[in-house]
Amino acid sequence: MSEPDGSDPRGSADQPSDDGWADRGWADEVTDPLLDDSADPVPSPLVDEAEPAEALPDQPTSPSTDGPSDPPAVADTPWRSLHPLSLAVNLLPQAWRTARAAWPLLLVVVFGGAGTGLEAVDLSLLVAFFVLTIARTVTHFLTLRYRVHDGRFEVRSGLLNRRARVLDPARIQNIEAVQNLFHKAAGLVEVRVETAGDASTQGLLSALGTDEAHQLEQELKTLVRAARGGSSATAGTVTGTDEATTEDDDEGDVLVNGSTLEALAYGLSRRTVGTVAVLTFVGFEILGRMGPQAADEARWIMQPQVFVPALLLAFAGSWAWSAGRALLSHWRFRLRRRGDRLISEEGLTTRRRVEIPLEKVQLIRVDEPLTRRLMGYGTVLIETAALGFADGELRQAEGVVPMVAQNKLPSLVHAAAPRISADPWSMELRPPHRRALHRAVFVRTVRSMVLAGLLVGFMRPWGWAALVLLPLAPLLAWLDWRWQGWAITEDAVVTRQGVLRRATHVLARDKIQSVQVLQPPLMQLHGLARVIVRVAGTAVALPDIGIDQALRVLQELSPDPTAMPSADASPGARDREPPGTHQTPEAPAVLPSPADAGVPA
Amino acid sequence: MDSPARPPNAPSETSPAPGSTGCLEANAAVPVQGPDDPGGPPSRLDRRVVQLWRMQRLLRLVLVVGPVATALGVGIATVAPATVGMVVAALLVSVQLLLALAWPPLEYGAFTYALRTDDLLVQSGVLFKRWSAIPFHRIQHVDTRQGPMERFFGISRLLVYTAAGVSADGSIPGLGAAQAERLRDELSRRGGDDGV
């Protein structure tokens with residue numbers, strides 16, 4: 001693969017004339033014995049495992065000897081690599097994650113009926129998954145390099161699929177420090193540096209020694225501050241340490257201090273139907289694979305006196321499971337605000353600390369599911385651009401405040417988004433359009449009819465109980481509609497949706513990336529439309545409103561609200577909105593004024 | 001914008017005229033052109049894009065719909081008389097053919113875009129209407145793209161990226177290559193990301 005003169009043909013082909021790549025140390029790779037794949041594409045484990053031993057005394061400088069191709073001019077910062085113990089620390093969690101992901105396969109292997117002959121295939125698949133995971137973990141550990149160079153943060157990794165990322169510190173959304181049990185035992189920590197639009201930094205910098213991690217964080221923060229024109233700091237040096245110590249002493253204002261009971265309550269109020277459904281399905285699968293005599297047993301299980309307690313047990317089990325997990329994740333939760341940053345810490349076995357600069361906060365979502373609302377609590381999610389669409393089960397959202405007392409919600413929202421003066425709980429929200437109710441009732445009724453039909457069809461005689469869903473649907477739709485609301489103030493867009501699971505969104509208008517109005521065919525029939533406001537990383541949909549109003553909102557949220565129209569010219573529509581306060585006397589000549597359109601005021 | 005005081009869920013507006021579609025010409029609620037907007041009236045796509053879309057749909061018909069319809073027909077023929085299967089397959093294919101010929105002009109007519117004072121407004125969609133307003137200062141970067149078929153017709157696609165991603169936020173599918181370049185340069189000039 002490498003030419004005799006040491007240049008990498010692949011590298012030169014890909015980056016023909018870009019000297020920037022040479023500066024960033026691509027040239028280093030060629031002479032780096034760890035990455036030299038001239039022998040064979042898949043490195044033999046023996047050869048590679050010998051290398052880290054040499055690397056140990058060289059921490060944190062690059063283990064490779066710099067070849068003749070030293071980049072010119074800019075003093076080259078050495079690349080740092082992961083802590084040698086990371087491999088051990090990463091293998092177990094990765095193996096566990098693989099096992100968790102491949103659970104259907106595991107079940108099949110363990111419970112599979114005898115003599116089908118396919119078990120060898122299943123087993124080999126399982127083994128293959130594990131081997132792949134281990135290979136990936138090992139490769140990642142061996143090839144990952146990072147450094148702070150020339151004002152930027154650079155990371156590269158990978159052997160067959162090489163990845164290099166160069167990050168402008170101004171783009172950093174949050175910096176997380178995560179420590180699970182293994183990390184703690186080894187004295188390591190995983191650092192996640194997250195940017196807009198990329199939530200895949202999990203496991204990238206796992207793991208670093210605590211000193212190194214601290215140093216990296218300080219360097220990045222220094223750069224961030226310098227990029228914002230704050231304190232004068234030279235990139236890459238560690239003058240930040242002095243600031244750091246004084247900062248660490250300053251605790252900041254504690255906004256939320258979670259108790260154990262609250263963590264437990266949070267876990268108990270999580271949705272568990274999904275888990276139960278999965279467990280039930282798995283149970284049926286297992287039953288299905290047993291021999292013929294088990295069919296009789298299955299019939300025995302379907303009897304009410306056995307089935308109902310079993311179901312209740314399943315529910316209780318999943319609740320307990322959920323409560324346990326919540327307790328582990330949100331143990332000793334603490335949210336504080338230090339200067340211009342929000343810092344949250346939580347976790348028992350895995351301690352997570354997330355730092356979010358206030359100016360990176362895109363959107364604040366407050367979830368108040370029925371159970372939590374009854375307890376007098378809500379959950380606040382502080383979203384930055386680094387947040388993808390996080391499923392609560394798989395990946396916890398950044399800046400989640402699991403339990404906040406309801407009377408504290410307004411002040412917390414204000415603390416997290418100081419620019420916003422709106423208080424969604426005390427302000428008047430505008431309702432959705434009346435026709436939206438018709439549409440919602442229709443959709444929900446159809447959905448529950450389908451569900452009930454399925455249940456009746458497949459689970460008799462139990463399924464008939466599902467008919468109780470039918471009258472519930474319009475009722476829920478009405479309640480939902482009644483509690484929806486939206487508002488646009490000078491600095492914020494606020495929406496509220498849902499009755500069973502109430503969700504309130506607050507976003508600052510100066511974070512809006514774009515606004516869309518959508519009108520699918522059915523909504524066209526009703527004259528409705530949906531407004532979607534996008535911020536970096538996520539989007540918020542307003543409740544369904546009339547198309548004219550939606551277009552007015554589109555206009556209102558544009559950067560130049562002085563161009564706001566006065567009235568809609570279509571016949572039959574009455575202008576219910578008083579002219580906006582932004583409207584200048586000299587309205588654009590393009591638009592009809594209310595008088596011209598002959599529209600009654 | 002303060003909301004007038006009113007009981008929580010009284011209807012806030014009369015029902016709009018049913019079927020009001022709010023298309024760009026008929027609805028003046030969205031001023032497409034402010035008084036000092038450059039660039040003239042709202043713009044349409046390049047006419048050649050109609051042919052391009054027709055071609056793409058016909059290709060899809062041949063490569064995808066045809067085999068699927070055949071498979072479906074054969075499948076039905078196993079449980080019902082063969083003629084039923086044939087009729088179904090023929091129906092599927094002919095409907096797709098009709099759409100391939102008749103739909104692109106409708107889509108073309110429904111697509112307009114305008115460079116306003118502070119943002120780009122794109123309106124599109126026949127059945128699924130959509131309006132997108134992207135402020136210039138939110139534009140991170142602008143790409144032009146040309147697939148092989150687009151190159152054949154001399155058409156480019158313009159993609160506007162904001163920090164919220166690309167897909168829904170302003171993709172102008174059928175501009176003449178030169179026009180696309182000009183628009184891209186213009187947007188890049190006016191854009192400029194002010195961070196996230």
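H505(A) is placed in strand β17 of chain A, in a model that is predicted. With a relative accessible area of 12%, H505(A) is buried, because it falls under the 20% limit for that class. Apart from neighbours within four places in sequence, H505(A) is in contact with L363(A), I364(A), R365(A), V493(A), V494(A), T495(A) and V540(A). Two of these partners, I364(A) and R365(A), lead on to further features of the chain.

I364(A) opens the way to the nonpolar interior. Leaving out residues up to four places away in sequence, I364(A) touches V380(A), L381(A), V413(A), A416(A), A417(A), T504(A), H505(A) and V506(A). I364(A) is also among the residues with the most contacts inside the largest nonpolar core, together with V380(A), I382(A), V401(A), L412(A) and I420(A); this core has 27 residues. At least two core residues come from each of β11 (351-357), β12 (361-369), β13 (377-384), β14 (400-405), α16 (409-416), β16 (492-497) and β17 (501-508) of chain A. The largest contribution is that of α16(A), which supplies 4 residues. In soluble globular proteins, nonpolar side chains tend to be buried together.

R365(A), the other partner followed here, takes part in a charged pair. It forms a salt bridge with D367(A), and the closest N and O atoms are 3.2 Å apart. D367(A) is buried, at 4% relative accessibility, whereas R365(A) is partly exposed at 24%. Side chains of opposite charge can pair when their charged atoms come close.

Over all chains, the structure holds 20 salt bridges. Another of them joins the side chains of R334(A) and E345(A), at 3.5 Å from N to O. R334(A) belongs to strand β9 (residues 334-338) and E345(A) to strand β10 (residues 341-346) of chain A, so this pair ties together parts that are 11 residues apart in sequence. R334(A) is partly exposed, with a relative accessible area of 22%, while E345(A) is buried, with 14%.

A salt bridge between helices is formed by D480(A) and R444(A), whose side chains meet at 3.0 Å, N to O. D480(A) lies in helix α18 (residues 469-483) and R444(A) in helix α17 (residues 434-458) of chain A, so the pair connects parts that are 36 residues apart in sequence. D480(A) counts as buried at 13% relative accessibility, and R444(A) is partly exposed, with a relative accessible area of 30%. In addition, salt bridges with shared partners join E176(A), E190(A), R192(A), E346(A) and R352(A) into one network.

Strand β5 (residues 172-179) of chain A includes Q179(A). The side chain of Q179(A) reaches the backbone oxygen of L188(A) at 3.0 Å. Without its neighbours within four places in sequence, Q179(A) has contacts with K184(A), L188(A), V189(A), T210(A), T349(A), T350(A) and R351(A). The C-alpha atoms of Q179(A) and R351(A) are 5.0 Å apart, although 172 residues separate the two in sequence.

The chain as a whole provides the setting for these details. Chain A contains 21 helices and 21 strands, and 44% of its 601 residues count as buried. Among contacts in chain A with a separation of 6 or more, 61% are between residues 24 or more positions apart. The accessible surface of chain A comes to about 29300 Å², and carbon and sulfur atoms account for 63% of that area.

Terms used
Residues are numbered from 1 along each chain as its sequence is written. Chains are lettered from A and ligands numbered from 1 in the order in which they are written. This is a predicted model: local features need pLDDT of at least 70, side-chain atom pairs count only at pLDDT 80 or more; totals for chains, interfaces and linings use all residues. Side-chain values use heavy atoms; hydrogens and water are left out. A nonpolar core is a set of buried Ala, Val, Leu, Ile, Met, Phe, Trp, Tyr and Cys residues joined through side-chain atoms within 4.5 Å. Buried means under 20% relative accessible area, exposed over 50%, partly exposed in between (1.4 Å probe, protein chains only). Contact means heavy atoms within 4.5 Å. A polar contact is a pair of N or O atoms within 3.5 Å; within protein, one must be able to donate a hydrogen and the other to accept it, and residues adjacent in sequence count only if both atoms are side-chain atoms. Accessible areas come from the Shrake-Rupley method with a 1.4 Å probe; for residues, only the protein chains shown count as cover. A salt bridge is a side-chain nitrogen of Lys or Arg within 4 Å of a carboxyl oxygen of Asp or Glu.
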